[in-house]
Structure formats: C-alpha cells, structure tokens
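Welcome to this short tour. Open your viewer, get comfortable with the mouse, and follow along stop by stop.

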Amino acid sequence: MMLSWTEDLALGNDDIDCDHRHAVEAMMRIAAADDPALPALFGAFVTHMREHFERENALMRATGFPARACHEGEHVRVLSLLDSIAADIAAGRLESARDFGRHGGPAWFIDHRNTMDFVTVDYARRQSGR
Ligand SMILES: [Fe+2]
Ligand SMILES: [Fe+2]
C-alpha cells in the first residue's frame, strides 16, 4: 500500500498533522529502504512514534477526552508491536519491518487516523470552542 502525505489526511490540528506527515513519510522510507538502511530508519520511526503518541496522550489529558483509555491503550499496543519488530531487526530478520512499512503500517495508520485520532482532535476543537 503506497501512501503519501496529502492535505486530505489533515485533521486541522497543526501539531498532530505535522506528526502524521512525519509518520507517513517515515513509513514510506522504510518501505523503500534497502537492507543496510532499514534498521536505522525503523529505529528513528519507533522514536518518533513514542513522541507522537505522547503528544496525543497529552492532548487527551488536557481536554479530558472521554475515550482516552481506549486511544492510549491502542498506542501501547502499537508500541509493543514496534518493539517486537525492532527485536526481529536486532536478530537479523528484516522482513517484518519491511512488511510493516509496506502493508501493516500504512493500513493501521489510515484506520487509526480515521477513528481515534479524528475523534480526539474533533473533541479538542469543540472543548476549545474553535
Ligand atoms: Fe496519530
Ligand atoms: Fe493516536
């Protein structure tokens, strides 16, 4: 699944849209990477996603988002998946990282953006009266 950042992916929150653009571009770099480049690109992606999720978690705490536990729980689940893929890379197996960049990651991102991130940003916008 090829994915590129386009404005129709924007949710209208500049910080989150910046993170989403970063995540999309990082997954596409992973999808296209050769073996020597893949480990560092995947490591940078995991670091980004940890920060990306924490910024969303902070927004949910700040706004009192009612479904925060559900959305935060999904972030925890994905970070543990990314950690297991990083462990595969450390063991010399690159296939799961490449597969994530090409298939599982983009499919997950679109679904997560359309559901949990969308409602989180929408709730924050209504809380702030904008
Ligand atoms: Fe997100
Ligand atoms: Fe999220």
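Let's begin with the whole fold. Among contacts in the protein chain between residues at least 6 apart in sequence, 70% join residues at least 24 apart. Keep in mind that you are looking at a predicted model.

**Stop 1: the whole chain**

Show the protein chain as a cartoon. You should find four helices and zero strands, and reading along the sequence gives the pattern α-α-α-α. The radius of gyration is 15 Å, close to the 14 Å that the globule rule gives for 130 residues, so the chain is as compact as a globular protein of that length. Turn the C-alpha trace around: along its principal axes it spans about 50 × 30 × 20 Å. Of the 130 residues, 22% count as buried.

**Stop 2: the largest nonpolar core**

Now select Ala23, Val24, Ala26, Met27, Ile30, Ala31, Phe42, Phe45, Leu82, Ile85, Ala97 and Phe100, and show their side chains. These twelve residues form the largest nonpolar core. Which helices supply it? At least two residues come from each of H1 (14–32), H2 (38–63), H3 (68–90) and H4 (95–127). H1 gives the largest share, with six residues.

Apart from this core lies another one, of six residues, including Ile16, Phe65, Val121 and Ala124. Give this second group its own colour, as we will return to one of its members.

**Stop 3: H3 beside H4**

Next, colour H3 and H4. Their axes come within 12 Å and cross at roughly 170°. That angle is over 145 degrees, which makes H3 roughly antiparallel to H4.

To see the contact, select His71, Glu74, Val78, Ile85, Asp88 and Ile89 on H3, then Ser96, Ala97, Phe100, Trp108, His112, Met116 and Thr120 on H4. What kinds of residue meet here, nonpolar, polar or charged? The contact of H3 with H4 has seven nonpolar residues, four polar and two charged.

**Stop 4: Ala124**

Finally, zoom in on Ala124, which sits in helix H4. Is Ala124 buried or exposed? Ala124 has 21 C-beta neighbours inside 10 Å, so it counts as buried. Leaving out residues up to four places away in sequence, Ala124 touches Asn13, Leu59 and Thr63. Try a distance label between the C-alpha atoms of Ala124 and Asn13: they are separated by 9.2 Å, although the two residues are 111 apart along the chain.

Definitions and conventions:
Residues are numbered from 1 along each chain as its sequence is written. Chains are lettered from A and ligands numbered from 1 in the order in which they are written. This is a predicted model: local features need pLDDT of at least 70, side-chain atom pairs count only at pLDDT 80 or more; totals for chains, interfaces and linings use all residues. A nonpolar core is a set of buried Ala, Val, Leu, Ile, Met, Phe, Trp, Tyr and Cys residues joined through C-beta atoms within 7 Å. A residue is buried if 20 or more other C-beta atoms lie within 10 Å of its own, exposed if 12 or fewer, and partly exposed in between; C-beta atoms are placed from the backbone. Axes are lines fitted to C-alpha atoms, for helices over the stretch in contact, and angles run from 0 to 180 degrees between N-to-C directions. Angles under 35 degrees count as roughly parallel, over 145 as roughly antiparallel, 65 to 115 as roughly perpendicular and the rest as oblique. Two residues are in contact if their C-beta atoms, placed from the backbone, lie within 7 Å. Ala, Val, Leu, Ile, Met, Phe, Trp, Tyr, Cys and Pro count as nonpolar, Asp, Glu, Lys and Arg as charged, and the others, Gly among them, as polar. The radius of gyration is taken over C-alpha atoms; the globule rule is 2.2 Å times the number of residues to the power 0.38.
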